[in-house]
Amino acid sequence: MTALPETTERKLGLVIDLDTCVGCHACVTACKGWNTQNYGAPLGDDDAYGAAPSGAFLNRIHSFEVQPDEGAAQTVHFPKSCLHCDDAPCVTVCPTGASYKRVEDGIVLVNETDCIGCGLCAWACPYGAREMDPIEGVMKKCTLCVDRIYNEALPEEDRVPACVRTCPAGARHFGDLADPDSDVSQLVAARGGMDLMPEQETKPVNKYLTPRPRDEIDVLAPFLERVDEGPKGFLGWLDRALERL
Amino acid sequence: MHPAPSLIFFSTLSGLGLGLLAFLGLGLAPTEGLTGLIFFALAFALTGAGLLSSTLHLGHPERALKAFTQWRTSWLSREAWVAVAALAVMGLYALLAMPGLRLAPLGWLGAVLCLGTVGSTAMIYAQLKTVPRWHQPTTPLLFLGYAITAGALLSGRVSWTVVLLIVMAALQMLAWRRGDAALAKSGTTIGTATGLGGRGRVRLFEPPHTGGNYLTREMVFRVGRKHRVTLRTLVLVLAFALPALLLLLPFSHWLAAVAVISHVVGMLAQRWLFFAEAEHVVGLYYGQSAA
Ligand code: SF4
Ligand code: SF4
């Protein structure tokens, strides 16, 4: 089972817009919540209410600073979860067959009743997308909310991953990246979506959209004269009178 | 990585045991009678203790049998198969050889399987592109070399051991040199990790959380430069120089015993470094800079 499928019928995945993400961590919380109550073992925590809490999360937001050669530095909030790679190294290293990639939609999953908790898959993933559950001793990872997206018991607008449904900035998009006409594929084409660590040759399905250059809005700035030349009339008199004091 | 004691003991002890078993299989160590029994017992005890300690770091050791299923793709699964085959073949060989019926071809097969086990263990690390320091041909060479050296040392092949110690010291230094440059050579940087490298210098501004997590505890571990130099010197002295020197003196069992102890302690230090120095590329997301 840990042999990867040649191709998958669909490539379900996320497109994450680094231009729009405001780093609010709402998706982190939504993910933790959904995956604590649904698919597989609850996402465990160690010392949850103690002095040094630490737990398993499937989605985490890092923040980076980019300092260009010239001009101001920029902060980029950077959500990171499993990229459901086409050439997923985490799957092939698994000795038990617990890790697998689905032929029908390309989702990479862990069968928790087969996992021995050896941790090798987490070592094989370059992105840090897998974390061992501290309570259950099995490997946890993003399921792309496989228990939401096909769930007919949910209203249609909820049949997307919890992180996508929650994001208040609309920075996360979900769809089939194998279909060139899908919204996500169009978005990737329009914005030049990129792979993380392409040199690791994992062929990630998830794509990232880079921040738009910040200076573009200033192109017309020199043509905009200051309209407000200071108060006139009574207010102007008052202003001048006060200044003389 | 965080150098877990269970992994250090596993790889050291099983390396020693399997190396000695390979020598016994090739008929290069005494296999008959009481001496044979002592040698086989030592080799099986070391290997067994090593293999047992490797199951200690599993989250679900009771499901360990499932690890035999994925030998087509997984080195860990292959290791499980080859290890069991090596123990079975060598067990049969030992039972026959001790009373004096040494089946040479069975021993050869056993020796190949023993070294195959060591090689598979090494491949578990060497296959990981995510740890450039391990993703090198020197990794399997080192593991095999250490096992063969231990086999020669424990079976009392003095002149072989001295030659092997010298060769291994050179190989170890080469592995460190290549390893130190490996992350930079791999091309993976915080720039490619974030895809933002083309826009300027990227640094972690804020980690995802204030505490640690599984990844930072397991994989983002740093050995200080000073410690590194001390420990590497210790490995070269204890694992190679001192044993070689002691073996070159007129032979005595005491000196040989000290040579063995020194080599084993040096090997433990080497394995600690092997794990502790491994830089996983995920460290880049957590603000670890290239060394
Ligand atoms: S991001 Fe990591 S865990 Fe997810 S498929 Fe790729 S290698 Fe596997
Ligand atoms: S931790 Fe579980 S899923 Fe990962 S490689 Fe080991 S057995 Fe497979």
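**Ligand surroundings, cores and internal spaces**

In this predicted model, ligand 2 is surrounded by residues of chain A: Cys94(A), Pro95(A), Thr96(A), Ala98(A), Ser99(A), Cys115(A), Ile116(A), Gly117(A), Cys118(A), Gly119(A), Cys121(A) and Met139(A). By class, this shell contains eight nonpolar and four polar residues, and no charged residue.

The largest nonpolar core has 130 residues. Within this core, the residues that touch the most other members are Leu24(B), Trp134(B) and Tyr285(B). The greatest contribution to the core comes from helix H1 of chain B, residues 5-25, which supplies nine residues. When residues up to four places away in sequence are not counted, Leu24(B) touches Ala29(B), Pro30(B), Thr31(B), Phe39(B), Phe40(B), Ala43(B), Met90(B), Tyr93(B) and Arg102(B). A second core, separate from the largest one, consists of six residues, among them Val15(A), Leu177(A), Val184(A) and Leu209(A).

Closed spaces were examined next. Twelve cavities of 30 Å³ or more are present in the structure. The volume of the largest cavity is about 140 Å³. Its lining is made up of 14 residues, and those nearest the centre of the cavity are Arg133(B), Leu142(B), Ala175(B), Trp176(B) and Phe274(B). Two or more lining residues come from each of three helices of chain B, namely H5 (138-154), H6 (158-186) and H10 (253-276). Of the elements in the lining of the largest cavity, H6(B) has the largest share, with four residues. Six of the lining residues of the largest cavity are nonpolar, six are polar and two are charged.

The second largest cavity encloses about 110 Å³ of space. The lining of this cavity has 14 residues, and Cys31(A), Cys142(A), Cys145(A), Pro161(A) and Cys163(A) lie nearest the centre. In chain A, helix H1 (26-37) and helix H5 (162-166) each provide at least two residues of this lining. The classes represented in the lining of the second largest cavity are nonpolar, with nine residues, polar, with four, and charged, with one.

Open pockets were treated in the same way. The largest pocket holds about 820 Å³ of space. It is lined by 35 residues, and Ser54(B), Thr55(B), His57(B), Leu58(B) and Leu76(B) are the closest to its centre. Elements of both chains give two or more residues to the lining of the largest pocket: helix H3 (120-124) of chain A, and H1, H2 (33-55), H3 (75-97), H4 (104-126) and H8 (214-218) of chain B. The greatest contribution to this lining, six residues, is made by H3(B). The lining of the largest pocket comprises 24 nonpolar residues, nine polar residues and two charged residues. Helix H1 of chain B thus appears in two settings, as a contributor to the largest core and as a contributor to the lining of the largest pocket.

For the second largest pocket, the volume is about 290 Å³. This pocket has 14 lining residues, and Leu153(B), Leu154(B), Gly156(B), His253(B) and Ala256(B) are the closest to its centre. At least two residues of the lining come from each of H5, H6 and H10 of chain B. H10(B) supplies the most, with four residues. Nine nonpolar residues, four polar residues and one charged residue make up the lining of the second largest pocket. Helices H5, H6 and H10 of chain B therefore recur, as they line the second largest pocket and also the largest cavity.

How values were computed:
Residues are numbered from 1 along each chain as its sequence is written. Chains are lettered from A and ligands numbered from 1 in the order in which they are written. This is a predicted model: local features need pLDDT of at least 70, side-chain atom pairs count only at pLDDT 80 or more; totals for chains, interfaces and linings use all residues. Side-chain values use heavy atoms; hydrogens and water are left out. A nonpolar core is a set of buried Ala, Val, Leu, Ile, Met, Phe, Trp, Tyr and Cys residues joined through side-chain atoms within 4.5 Å. Buried means under 20% relative accessible area, exposed over 50%, partly exposed in between (1.4 Å probe, protein chains only). Contact means heavy atoms within 4.5 Å. On a 1 Å grid over the protein atoms alone, a cavity is a set of points where a 1.4 Å probe fits but cannot get out, and a pocket is an open set with protein on both sides within 12 Å along at least five of seven lines; lining residues have an atom within 4 Å of a point. Grid points are joined across faces, edges and corners, and a volume is the space filled by probe spheres set on the points. Ala, Val, Leu, Ile, Met, Phe, Trp, Tyr, Cys and Pro count as nonpolar, Asp, Glu, Lys and Arg as charged, and the others, Gly among them, as polar. A residue is near a molecule or strand if one of its heavy atoms lies within 4 Å of it.
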